[in-house]
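Open the model in your viewer and keep the sequence panel beside it. The stops below go from the whole chain to the sheet, the cores and one loop residue.

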Amino acid sequence: MSSDLKKTNKLKKNFRRNNNLQEPKFVERLIKISRVSKVTKGGKKLSFRAIVVIGDENGKVGVGVAKADDVVNAFKKAKTDGRKNLIKLPITKSLSIPHNVVGNFGACKVIMRPSIEGSGVIAGGAVRIVLEVAGVKNVIAKQLGSNNLLNNARASICALENLTTKSQVAKKRDLTLE
């Protein structure tokens, strides 16, 4: 009786261990940590704001923002926020995007164009980080308007959300791919 119980406990442990290995592996990249202060009647209250991009380098990406009293907690909270805001995007065989796309957020405008294989990610700042974490390897991007890192990251997410494949467009229009 006790040996059966030991066997079942051992099987449960192995099952839990194997299930943990099958979870998708996410990559986290920090865009910015800024020190922010709030003025109260007792003085200034300092806290930290973290902007984090999280993705699986295979078409899933999200941007998270959080504030906390110390840097480590702000980073952890931003990671969980990014996980809540994950989006899925189509990637071509050449690890590029399917078509030209424009994303707007606030005063930021991000223009993205597919590029030939081997050209790499030609982008700056937060847009480059978002594209690398998403798994896009060949793309040209330009950010216009504001230089705000958070708004540029969110504008690039808006642009990536608007990507569609030929099959999705054909289905929407009730057509065949021919």
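Start with the whole chain selected: 32% of its 178 residues are buried, where buried means under 20% relative accessible area, exposed over 50% and partly exposed in between, with a 1.4 Å probe and protein chains only. This is a predicted model, in which local features need pLDDT of at least 70 and side-chain atom pairs count only at pLDDT 80 or more, while totals for chains, interfaces and linings use all residues. Residues are numbered from 1 along each chain as its sequence is written, and side-chain values use heavy atoms, leaving out hydrogens and water.

Now colour by secondary structure. The chain has 5 helices and 8 strands, in the order α-β-β-β-α-β-β-β-β-α-β-α-α. Helices (H or I, at least four residues) and strands (E, at least two) are DSSP runs, numbered from the N terminus.

**The sheet**

Select β1 to β4. These 4 strands make an open antiparallel sheet in the order β1-β2-β3-β4; strands pair if DSSP finds at least two bridges between them. At the edges are β1 (27-40) and β4, each paired on one side only. Between β1 and β2 (residues 43-55) there are 13 bridges, and Glu28 has Ile54 in β2 as its bridge partner.

Add helix α2 (residues 71-84), which packs on the sheet and touches β1, β2 and β3 (60-68). Its direction makes about 145° with that of β3. Next add helix α4 (residues 149-161), lying across β1, β2, β3 and β4 at about 155° to β3. Axes are lines fitted to C-alpha atoms, for helices over the stretch in contact, and angles run from 0 to 180 degrees between N-to-C directions. Contact means heavy atoms within 4.5 Å.

**The cores**

Show side chains for Val61, Met112, Leu131 and Leu160. Within the largest nonpolar core, of 31 residues, these four touch the most other members. A nonpolar core is a set of buried Ala, Val, Leu, Ile, Met, Phe, Trp, Tyr and Cys residues joined through side-chain atoms within 4.5 Å. Helix α3 supplies the largest share of this core, 7 residues. Leaving aside residues up to four places away in sequence, Val61 touches residues including Val53, Val130 and Ile157. A second, separate core has 6 residues, among them Ala50 and Ala74.

**Ser94**

Finish in the loop between β4 (87-88) and β5 (101-105), where Ser94 sits. Is Ser94 buried or partly exposed? Ser94 is partly exposed, because its relative accessible area is 24%. Beyond four places in sequence, Ser94 touches Glu117 and Asn138.
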